[in-house]
Amino acid sequence: MKRSASSRFSRIWPNATAVLLVIGFVFPVYWMFATAFKPTPDIVADDPVWFPTNITFEHFQTAVAAENFWTMVRNSLTVTLLAVILSLVLALAGSFALARMRFKGRKGFIVGFMVAQMAPWEVMVIAIYFIVRDSDMLNSLIPLTLFYMVMVLPFTLLTLRSFVAAVPKELEESAMVDGCTRPQAFVKVILPLLAPGLMSTSMFGFITAWNEFPLVLVLNKQAESQTLPLWLSQFRTQFGDDWGATMAASSIFAIPILVLFVFLQRRAVSGLTDGAVKG
């Protein structure tokens with residue numbers, strides 16, 4: 001009986017711990033979305049309204065009608081998508097070189113990228129500011145795009161390198177025997193096999209660039225060149241702090257990431273786990 005009870009407990013406590021962790025992480029997200037749909041009296045009531053019954057879209061209308069909202073949506077999408085695309089293009093070329101070619105300094109190059117991935121970007125904000133200022137590119141989306149690309153490039157490169165290394169060389173060589181050049185063999189044989197890695201790295205890059213705050217705060221002071229994270233931090237209505245509209249704005253900001261995760265979750269999870277153990 002003791003063994004049976006101990007065995008039962010050993011199975012229950014990990015599941016119970018997992019459930020508590022999920023609740024702890026999911027509840028703030030639920031509360032944000034729930035508050036966005038509640039009427040103001042329910043939000044400021046002394047007793048919390050756990051489940052919205054009188055659903056309203058008024059707070060979302062207030063948020064999207066705020067000054068410069070659509071301009072910052074456009075800016076965020078522009079810099080995020082360009083940064084992800086540029087990092088993928090460079091990482092594809094670099095990962096192939098690191099996985100297939102042997103050259104002097106290769107290991108040091110890989111270690112350098114690992115160190116770059118671990119370095120906190122916040123400590124370099126001041127140096128980046130002086131570089132951008134001296135280049136006369138303050139309040140421009142170009143520096144944001146380039147620095148976001150550099151931020152996500154190490155992870156993208158190292159992850160795709162593991163996937164390229166996992167592809168048997170014989171497949172590429174067979175394609176070249178059949179008449180393909182090396183670039184054609186890469187595009188036709190290796191690239192389709194990198195789909196899970198491309199999805200996982202693109203999702204990581206999108207989330208990183210979409211949520212970035214310190215750089216845009218320092219480099220872009222003009223509202224026309226700012227992005228959604230900065231807009232959200234400064235969000236106010238003419239009546240001061242409107243918590244319903246603030247939660248609606250936060251929900252709008254989170255929707256692109258949630259949609260991306262829903263569409264890419266299976267490929268992204270397999271890509272992260274495969275990239276962690278291969279190569």
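Asn 139 is partly exposed in this predicted model, its relative accessible area being 25%. The residue is placed in the loop between α6 (125–134) and α7, and its backbone adopts a positive phi of about 60°, although Asn 139 is not a glycine. A second asparagine can be described in similar terms: Asn 68, in the loop between α3 (58–64) and α4 (69–100), has a positive phi of about 65° and is likewise not a glycine. Asn 68 counts as partly exposed because its relative accessibility of 23% falls between the 20% under which a residue is called buried and the 50% over which a residue is called exposed.

The helix that follows the loop of Asn 139 is α7, which spans residues 141–166 and contains Leu 146. With a relative accessible area of 42%, Leu 146 is partly exposed. The C-alpha atom of Leu 146 is separated by 8.7 Å from that of Leu 82, although the two residues are 64 positions apart along the chain.

As regards the overall architecture, the secondary structure of the protein comprises 13 helices and 0 strands, so that the order of elements, read from the N terminus, is a run of α elements without interruption by any strand. Of the 279 residues of the protein, 39% count as buried.

Ionic pairing between side chains was examined next. Side chains of opposite charge can pair when their charged atoms come close. The structure holds 1 salt bridge, which is formed by Arg 133 and Asp 134, with the closest N and O atoms 3.2 Å apart; this pair qualifies because the separation lies within the 4 Å cut-off for a side-chain nitrogen and a carboxyl oxygen. The two partners fall into separate accessibility classes, since Arg 133 is partly exposed at 39% relative accessibility, whereas Asp 134 is exposed at 59%.

On the surface, a nonpolar patch is formed by Val 19, Leu 20, Ile 23, Phe 27, Trp 50 and Phe 51, whose accessible area together amounts to about 670 Å². One of these residues, Ile 23, belongs to helix α1, which covers residues 2–36. Ile 23 is partly exposed, with a relative accessible area of 48%, and this value is compatible with membership of the patch because the residues that make up such patches must have over 30% relative accessible area.

Helix α1 also contributes to the largest pocket, in which about 180 Å³ of space is found. The lining of this pocket consists of Pro 28, Val 29, Met 32, Ile 207, Ala 254, Ile 257, Leu 258 and Phe 261. Two elements, α1 and α13 (243–277), each give two or more residues to the lining, and the largest share, 4 residues, comes from α13. In terms of residue class, the lining is made up of 8 nonpolar residues, with no polar and no charged residues among them.

Methods. Residues numbered from 1 in each chain as written. Predicted model: local features only at pLDDT ≥ 70, side-chain atom pairs only at ≥ 80, totals over all residues. Heavy atoms only, no water. Patch = residues over 30% accessible without salt bridge, like charges linked within 9 Å, V, L, I, M, F, W, Y side chains within 5 Å. Areas by Shrake-Rupley, 256 points an atom, 1.4 Å probe, with all protein chains shown as cover. Buried < 20%, exposed > 50% of the residue type's maximum accessible area, 1.4 Å probe, protein only. 1 Å grid on protein atoms, 1.4 Å probe; cavity = no way out; pocket = protein on both sides within 12 Å on 5 of 7 lines; lining within 4 Å. Points joined across faces, edges and corners; volume = space filled by probe spheres on them. Nonpolar A, V, L, I, M, F, W, Y, C, P; charged D, E, K, R; others polar.
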